[in-house]
Amino acid sequence: MKKKFRILSLVTVLMFMLAACGGGSNSAGGSDSGGSGNGEIEEITIKFSHVGYAGAPKTAGADKFKEILEEKSDGKITVEVYPAGQLYGDREELDALLANNVQIINPSMTKMVVYNPQFQILDIPFLFKTREGFFDFWDNGKGQELLGTLEDKGMVALAMWEGGFKQFVNDRNPITKPEDMEGLKFRIQAGDVLESQFKNLGADASVIPYNETYTALQTGVVDSTENILANIYSSKYQEVQKYLTISDHGRLDYPVLTNTTFWNSINDATKDVIMEAMAEATEFEREEAQKLADQYREELAQDMEVNELTDEEKEVFIEKLQPLYKEFEDIIGKEYMDAARES
Ligand code: LMR
């Protein structure tokens, strides 16, 4: 009963997000907004491309979405999932979505910086304190305004999937204080916030596509990186990195996006069944993300030396990062930063 209610409320939230993005039904009398217009689920194929490896929560979520949607649509909708960047890497997948070469992607929000620098709010270190606060911000709070800005860019956010809190890995020494990072060269995803984070902490940063990062670490192009535990484990960084620092210093999460060309071309019955499947897959993906993070933390400890920052140690990092908070408050917006801080 409780679970049913949670799924229902999530559907409501997602419908709200869609309405905010202008992606819902556009018909005055409730008739179909596109596609065949006969109110029946259309026979379509959805290509879902992502960069996650087997064992990552976004991979599990995409596979679950396929399973649920194909079943709910009685096989009328086929979902082709292309994982591990095999179709498009993280630099190409956004363009591919806008060109309607694929219909769904779930990039890390950081990669969306090219469309709106405010999306870097996830990267601001030590801003979101809890997982619950994070979801509240995106499901019920100011985060919905940010997702609404995608409308102008030709994209619709169907859901927010969880990656989780980011941790540091490196191959030189344990990290307990900013000085331990001096001179390390971190692989980063993208964006000025992440560059500034490492600069303020005395380290270098280099943007490298996700699916090329293992090789970059292995060959010494970089000697450190940050990511969620599921990506560290499923990318096998433990084979080429010795030290893992549990810092929970930033978030890495995934808006699930479609493009407006595709979305406006399908009828309401098709949209509805996609949204129902998405709501259930979202519930599953978020639970999976948390379960996997716990599991991988234990497994990584078998291959890596692990330390966890204490609250006092985190305070030293936060102090060192003060210039960053000032630098990005205007870009991201104080009201959004405050809402995230309080959530
Ligand atoms: C990364 O580039 O580290 C992440 O965006 C990968 C992912 O999980 O999408």
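Start at K58: one of its polar side-chain atoms lies 2.5 Å from an oxygen atom of the ligand. Keep in mind that this is a predicted model.

Next, add R187. A polar side-chain atom there lies 2.8 Å from a ligand oxygen. Then pick N227, where a polar side-chain atom is likewise 2.8 Å from an oxygen atom of the ligand. Now show the ligand's surface. On its own, the ligand exposes 270 Å², and the protein buries 100% of that.

Widen the selection to the whole shell. Select V51, K58, D90, S108, K111, R187, Q189, Y210, N227, N231, L252 and Y254; these surround the ligand. Color them by class. The shell splits into four nonpolar, four polar and four charged residues.

Now color by domain. Domain 1 covers 2–114 + 135–161 + 254–291, and domain 2 covers 167–250 + 296–342. Each of the two gives at least three residues to the shell around the ligand.

Hide the ligand and turn to the space it occupies. How many cavities of 30 Å³ or more does the structure hold? There is one. The ligand sits in the largest cavity, which holds about 80 Å³ of space.

Select the cavity lining: V51, K58, S108, K111, R187, Q189, Y210, N227, N231, L252 and Y254. By class, this lining has four nonpolar, four polar and three charged residues.

Last stop: zoom out until both domains are in view. Where does the largest cavity lie relative to domain 1 and domain 2? Both domains give residues to its lining, so the cavity lies between them.

Conventions:
Residues numbered from 1 in each chain as written. Predicted model: local features only at pLDDT ≥ 70, side-chain atom pairs only at ≥ 80, totals over all residues. Heavy atoms only, no water. Near = heavy atom within 4 Å. Polar contact = N/O pair within 3.5 Å; in protein donor to acceptor, adjacent residues only side chain to side chain. Areas by Shrake-Rupley, 256 points an atom, 1.4 Å probe, with all protein chains shown as cover. 1 Å grid on protein atoms, 1.4 Å probe; cavity = no way out; pocket = protein on both sides within 12 Å on 5 of 7 lines; lining within 4 Å. Sits in = over half its atoms within 2 Å of the grid points. Nonpolar A, V, L, I, M, F, W, Y, C, P; charged D, E, K, R; others polar. Domains from an automatic or database assignment. Points joined across faces, edges and corners; volume = space filled by probe spheres on them.
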